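Let's walk through this structure together, starting from the inside and working outwards. Please open the sequence and the 3D view side by side before reading on.

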Amino acid sequence: MDPMVWDALVIGGGPAGSAAATVLAKAGRRTLVLEREHFPRFHIGESLLPYNRRLFEELGVLSKLEAAGFPKKHGAQFHLGNGSKGTAFVFREGRFTRESEAFQVERAVFDDILLRHAESEGASVREGWTVEKFAESADGVVVVATSDEGARQEFRARWLIDGSGRGNVTGNQEGIRVMHPKHRKIAIFGHFQGVHVDPGTQGGDTVIVRLENRWFWLIPISATKVSVGLVMEAAEYAAAKRPAAEIFFEVVKASAPVRARLEKAMLVGPVQTTSDFSYFNRSLVSTRVLRAGDAAGFMDPIFSAGVYLAMFSGKLAAEATLAADASPAQRFTLLEAYERRVQRSMRFYWRMVEEFYTTPFMELFLEPRPRFNLPAAVNAFLAGDLEAGWTLRWRLWLFFRLVRLQARWPLVPRIHFD
């Protein structure tokens, strides 16, 4: 066999690409990962979901992650920016939640562990290689990539899994990315030491603070370090024409809960920005290509679903190629099934993100009532239970109907952001 003909090429060594490469390598497939950066490298998106644990176990990487000593996340808190109201979701208290604990991670360390694990399972990894273009046929794909030393090379494989993140390599080449008409935001963030965290197990919580048209995250990523970020409209940021750090600290001062937690904090490293434009690709599959993670679609990170959806879809993409190899006549059916399953999971979170920015949603969300076990259904959703079936779906449907009613008649007290 030509040594440059692979069973599968994977673009990107992040969570989606690493998960896909691990599954393929464990199945004995000759797999090559092309990653444009050199790991470890900085990345944002540090809060995981409890249902990630099942994926870690299946991939065989859980023990390595536990040994890394990442903080444990037992729940998530949501507060209004004026400090008038808040609520907490504790995963172990959810009636439908079968996983009760997650990690908070420093992504440079976390992603490196995942990629090295894929390598240890037999995947070949080339870092510093940027994919420029691809072409596919009924039998396989050809990828052209350039190393950071200037070498240009063609790579051939029977399958291509695009885990290129927001670089969206194949989706951009095919012109199928659709930007969300409203969610065009920017995140301003930094790492801090000395941030006040809650005592006990709540000290590992993700804390979300909602202002009228902005929100903060606070995520403990080590024993001493907390990631703090502000998400705001990109247009508002551009119109301000001021340094990002200046805007960030001005909004901190305007929010009592965030101001109190950062009162004695010290910034470690620079304040950074990243675009937070939500989008999706019209198609997640083609003849020999499957898109996973942010290369399938990206959404506002309010509910910390990014890493989970990336690994979930990366694993499913790899399994779809294995199934298609085993049953060639069913290839298109299997690829379509992959697409439907991932799109259904993404829609699950898109709906919640859409509603998060409405006041009626926040009014109900911050004052959960136990009737019909609706808070328990939301708890399971926040933990990452994407496939619980009708047990959760009808409750979430009812919750959204109540949000519509709340917009017209106050089922719970109104809230104010000022």
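**From the core to the surface**

The largest nonpolar core has 94 residues, and those with the most contacts inside it are Phe 78, Phe 110, Phe 303, Tyr 338 and Phe 365. Helix 9 (residues 306-326) supplies the largest share of this core, 12 residues. Please keep in mind that the model is a predicted one. As background, nonpolar side chains tend to be buried together in soluble globular proteins.

Phe 303 is a good residue to centre your view on. Leaving out residues up to four places away in sequence, Phe 303 touches Leu 49, Phe 78, Tyr 349, Met 352, Val 353, Phe 356, Phe 361, Phe 365, Phe 381 and Leu 382. A second core, separate from the one above, has 21 residues, including Leu 211, Tyr 237, Val 251 and Val 252.

Next, turn to the strands. Eight of them form an open sheet with mixed pairing, in the order 5-4-12-13-14-11-15-17. Strand 5 (86-90) and strand 17 (297-298) are the edge strands, each pairing on one side only. Within the sheet, strand 12 (residues 206-210) and strand 13 (residues 215-220) run antiparallel and are joined by four bridges. To find one of these contacts, select Val 209, whose bridge partner in strand 13 is Phe 216.

Now for the charges. Side chains of opposite charge can pair when their charged atoms come close. The structure holds 30 salt bridges, and a few of them are worth a visit.

Start with Glu 106 and Lys 225, which form a salt bridge whose closest N and O atoms are 3.3 Å apart. Glu 106 sits in the loop between strand 6 (102-103) and helix 4 (107-120), while Lys 225 belongs to strand 14 (residues 225-233), so the pair ties together parts that are 119 residues apart in sequence. Are these two residues buried or exposed? Glu 106 is partly exposed, because its relative accessible area is 23%, whereas Lys 225 counts as buried, with a relative accessibility of 17%.

Another salt bridge brings together the side chains of Glu 132 and Arg 152, at 3.1 Å from N to O. This pair links distant parts of the chain, 20 residues apart: Glu 132 is in strand 8 (residues 129-136) and Arg 152 is in strand 10 (residues 152-162). Glu 132 has a relative accessible area of 41% and is therefore partly exposed; Arg 152, at 55%, is exposed.

A salt bridge within one helix joins Arg 351 and Glu 355, with the closest N and O atoms 3.4 Å apart. Both residues lie in helix 10 (residues 331-356), four residues apart, which is about one turn of the helix. Arg 351 is partly exposed at 35% relative accessibility, while Glu 355 is buried, with a relative accessible area of 4%.

Salt bridges can also be followed from residue to residue here: Asp 7, Arg 29, Arg 158 and Asp 325 are linked in a network of them.

Finally, take a look at the surface. Leu 405, Trp 409 and Leu 411 make a nonpolar surface patch of about 290 Å². One of these residues, Leu 405, lies in helix 13 (residues 390-408). With a relative accessible area of 38%, Leu 405 is partly exposed.

How values were computed
Residues numbered from 1 in each chain as written. Predicted model: local features only at pLDDT ≥ 70, side-chain atom pairs only at ≥ 80, totals over all residues. Heavy atoms only, no water. Patch = residues over 30% accessible without salt bridge, like charges linked within 9 Å, V, L, I, M, F, W, Y side chains within 5 Å. Areas by Shrake-Rupley, 256 points an atom, 1.4 Å probe, with all protein chains shown as cover. Salt bridge = Lys/Arg side-chain N within 4 Å of Asp/Glu carboxyl O. Helix = DSSP H or I, 4+ residues; strand = E, 2+ residues; numbered from the N terminus. Buried < 20%, exposed > 50% of the residue type's maximum accessible area, 1.4 Å probe, protein only. Core = buried A, V, L, I, M, F, W, Y, C linked by side-chain atoms within 4.5 Å. Contact = heavy atoms within 4.5 Å. Pairing = 2+ DSSP bridges.
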